[in-house]
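Hello,

Here is the model I promised to pass on. Please open it alongside this email; my notes follow straight after.

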Amino acid sequence: MTRPHVICHMGPSVDGRIVTGRWSVSRALSAAYEETAATFGADAWIIGRVSMEPYAGNAEVPGRDHGEPIPRVDFIDRDDADSYAIAIDPSGKLRWESNMIDEEHVITILTESVDDDYLAFLQSKGVSYLFGGRERIDLPMVLQKLADTFDIQTLLLEGGGNINGTFLEADCIDELSLLIAPVADGATNVATLFDAGESTPARPLELISVEQREDSIVWIRYKVKR
Ligand SMILES: NC(=O)c1ccc[n+]([C@@H]2O[C@H](COP(=O)([O-])OP(=O)(O)OC[C@H]3O[C@@H](n4cnc5c(N)ncnc54)[C@H](OP(=O)(O)O)[C@@H]3O)[C@@H](O)[C@H]2O)c1
């Protein structure tokens, strides 16, 4: 099975927290994050529903008075983009205002439990969608579809902790790219680098490289050992 090479690219504090609002270094971190992300030549990035909310917008989803049932078949608005922005949104909560984020075409990953009004809304906006399972998302199957349908070979997994945790649990991460922020955060009940269940096996890593960056940020890359 060929799936994209998945690089989890994140900017955590030294204690693994990822909610950056209280950090004085957040602007420098964000610049280093984008600059570093661009060096991977990735075909797409993927984030969880919560992290995607600020990018998606707040469009209204119209109700349909009448209308044929919409079959649970993948909808591909375009497959020729240079790059793709992907969300995992199992129950269809994101209110897309556009099918583009900057120059990147939007793909959303749904379960079959979403309602027909929502599918009609996505089609009207030209947002491509893939079904990732009936009620739960099957990540290996989704990754296979992304490779087969959109020719995505390198994928940046960009958080938050919940989606990263599900990728870790499914053993679908190949590399970590961490820009460690010079912050000891200490908050409890906030998103961390990987928020997965206790049954998730701890994955051993092998160091690829370490680089000191400006503003006391350290870039660390690891390969996931298999
Ligand atoms: N510092 C950094 O580098 C960085 C990077 C990214 C994000 N963040 C921060 O992280 C925070 C958000 O993290 P988060 O963990 O709360 O949310 P998240 O991972 O962005 O989104 C989680 C949601 O995505 C959906 N989802 C993701 N993977 C799924 C899967 N495999 N199967 C089913 N559903 C899946 C679910 O949506 P439903 O709830 O709809 O079921 C889930 O609740 C934000 O504060 C953001 O700013 C930080």
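Pro140 and Asp148 are exposed, on the other side of helix 4 from its buried residues. Those buried residues are Leu139, Val142, Leu143, Leu146 and Phe150. (Buried means 20 or more other C-beta atoms within 10 Å of the residue's own, exposed means 12 or fewer, and partly exposed is in between; C-beta atoms are placed from the backbone.) The buried five lie on the same side of helix 4, because they cover an arc of only 100 degrees around the axis. That arc is taken from the directions from the helix axis to the C-beta atoms. An α-helix has 3.6 residues a turn, so residues three or four places apart point the same way.

Two notes on the source. This is a predicted model: local features need pLDDT of at least 70, side-chain atom pairs count only at pLDDT 80 or more, and totals for chains, interfaces and linings use all residues. Residues are numbered from 1 along each chain as its sequence is written.

More on helix 4. Helices (H or I, at least four residues) and strands (E, at least two) are DSSP runs, numbered from the N terminus. Helix 4 has 12 residues, 139-150, and should span 16 Å at 1.5 Å a residue; its end C-alpha atoms are 16 Å apart, which agrees. The expected span is 1.5 Å times one less than the number of residues. What covers its buried residues includes strand 3 (84-88), strand 5 (104-110), strand 6 (128-131), strand 7 and helix 5. Asp151 follows helix 4 and has a positive phi, near 55 degrees.

Helix 2 can be read in a similar way. Its buried residues are Arg49, Met52 and Ala56. They sit on the same side of helix 2, because their arc around the axis is only 60 degrees. Strand 2 and strand 3 are among the elements that cover them. Just after helix 2 comes Gly57, with a positive phi of about 100 degrees.

Now take Tyr84, which lies in strand 3. Tyr84 counts as buried because 23 other C-beta atoms lie within 10 Å. Leaving aside neighbours within four places in sequence, Tyr84 is in contact (C-beta atoms, placed from the backbone, within 7 Å) with Asp43, Ala44, Glu104, His105, Ile107, Phe150 and Ile152. Tyr84 and Ile152 are 68 residues apart in sequence, yet 8.6 Å apart in space, C-alpha to C-alpha.

The protein divides into domain 1 (1-43 + 153-226) and domain 2 (44-57 + 69-150). Those bounds come from an automatic or database domain assignment. The domain centres, taken over C-alpha atoms, are 23 Å apart. Across the boundary, 19 residues of domain 1 are in contact with 16 residues of domain 2. On the domain 1 side, helix 5 gives the largest share, 4 residues. That side divides into 10 nonpolar, 6 polar and 3 charged residues. (Nonpolar is Ala, Val, Leu, Ile, Met, Phe, Trp, Tyr, Cys and Pro; charged is Asp, Glu, Lys and Arg; the others, Gly among them, are polar.)

Last, the ligand. Which residues are the closest to it? They are Gly48, Ser51, Gly159, Gly160 and Asn162, out of 26 that surround the ligand. Strand 2 (44-48), helix 2 (49-56) and helix 5 (161-169) each give two or more residues to this shell. Helix 5 supplies the largest share, 4 residues. By type, the shell divides into 11 nonpolar, 10 polar and 5 charged residues. Domain 1 and domain 2 each contribute at least three residues to the shell.

Best wishes

Key
A residue is near a molecule or strand if its C-beta atom, placed from the backbone, lies within 6 Å of it. Two residues are in contact if their C-beta atoms, placed from the backbone, lie within 7 Å.
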